Amino acid sequence: MADPSTQAENSVLEYINNPRITIKYCTQCRWMLRAAYFAQELLSTFSTDLGEVALVPMTGGVFTVTIRHHAVVDGQASTQESILWDRKRDGGFPEVKALKSLVRNVIAPERDLGHTDRALRAQHGGGLMKAQQGEQKEKMKEEETKEEETKGAPCEDCQ
């Protein structure tokens, strides 16, 4: 007989939408093509595992990639939003394989990305991947706090 809590979690998961990726880019810096390229790569790799990839035009030197996804914790469904990449925080733009890896780590950690994973392992070494994932989670929390403090501040990059 199935565990009632497992049945409840499965029924909740049936009603939850797929993850949503948002790519915010600066129109003044002309980063629309870069944002569209990343969107195309993510859709090509993850196809129906993603519910949506949205391009959001902004100003002020912004280039951030966020993911909104649903999680079940202790039988309770909740929506979480995480910053996967921020140009200012992370120092430039991501490589496509790194961005794909970050998305995969959220939506399907067990999924193999094939040549992308092999390239990342060769670049970083096998043991560094887990350490980087932990650091990335810590950076996300710090960035969310920092973002709340700096809302509305003018951008130095586009002035």
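Here is a short tour of this predicted model, one selection at a time.

**The whole chain**

Start with everything shown as a cartoon. You should find six helices and four strands in the protein chain. Follow the chain from the N terminus and the elements run α-β-α-β-β-β-α-α-α-α. Now switch on a surface: about 10000 Å² of the protein chain is accessible, and 49% of that belongs to carbon and sulfur atoms. Of the 159 residues, 33% count as buried. If you draw contacts between residues at least 6 apart in sequence, 69% of them join residues at least 24 apart.

**The core**

Next, go inside. In soluble globular proteins, nonpolar side chains tend to be buried together. Here the largest nonpolar core has 22 residues, and Ile21, Ile23, Phe63 and Val65 are the ones with the most contacts inside it. To see where the core comes from, colour β1 (20–26), α2 (32–46), β3 (63–73), β4 (76–86) and α4 (96–107), the elements that each give two or more residues to it. Which element gives the largest share of this core? That is α2, with five residues.

Keep Ile23 selected and show what surrounds it. Setting aside neighbours within four places in sequence, its contacts include Ala35, Phe38, Ala39, Val53, Leu55, Phe63 and Val65.

**The aromatic cluster**

Select Trp31, Tyr37, Phe38, Phe63 and Phe93 together: ring pairs link them into a cluster. The structure has five aromatic pairs. Zoom in on one of them, Tyr37 and Phe38: the ring centres are 5.9 Å apart and the planes meet at 50°, so this pair is tilted. Planes have to be under 30 degrees apart to count as stacked and over 60 to count as edge-to-face. Are these two residues buried or exposed? Phe38 is buried, at 4% relative accessibility, while Tyr37 is partly exposed, at 39%.

Before leaving, add Arg34 to the view. Its charged end sits over the ring of Phe93, 3.7 Å from the ring centre.

**The two cysteines**

Last stop: pick Cys26 and Cys29. Why is there no bond drawn between Cys26 and Cys29? The sulfur of Cys26 is 3.3 Å from that of Cys29, its closest cysteine sulfur, and that is too far for a bond; a disulfide needs the sulfur atoms within 2.5 Å. Searching the whole structure turns up zero disulfides. Look at the surface once more here: Cys26 is buried, at 0% relative accessibility, whereas Cys29 is partly exposed, at 24%.

Conventions
Residues are numbered from 1 along each chain as its sequence is written. This is a predicted model: local features need pLDDT of at least 70, side-chain atom pairs count only at pLDDT 80 or more; totals for chains, interfaces and linings use all residues. Side-chain values use heavy atoms; hydrogens and water are left out. Rings of Phe, Tyr and Trp (its six-membered ring) pair if their centres lie within 6.5 Å; planes under 30 degrees apart count as stacked, over 60 as edge-to-face and the rest as tilted. Buried means under 20% relative accessible area, exposed over 50%, partly exposed in between (1.4 Å probe, protein chains only). A charge sits over a ring if NZ of Lys or CZ of Arg is within 6 Å of the ring centre and within 35 degrees of the ring normal. A nonpolar core is a set of buried Ala, Val, Leu, Ile, Met, Phe, Trp, Tyr and Cys residues joined through side-chain atoms within 4.5 Å. Contact means heavy atoms within 4.5 Å. Accessible areas come from the Shrake-Rupley method with a 1.4 Å probe; for residues, only the protein chains shown count as cover.
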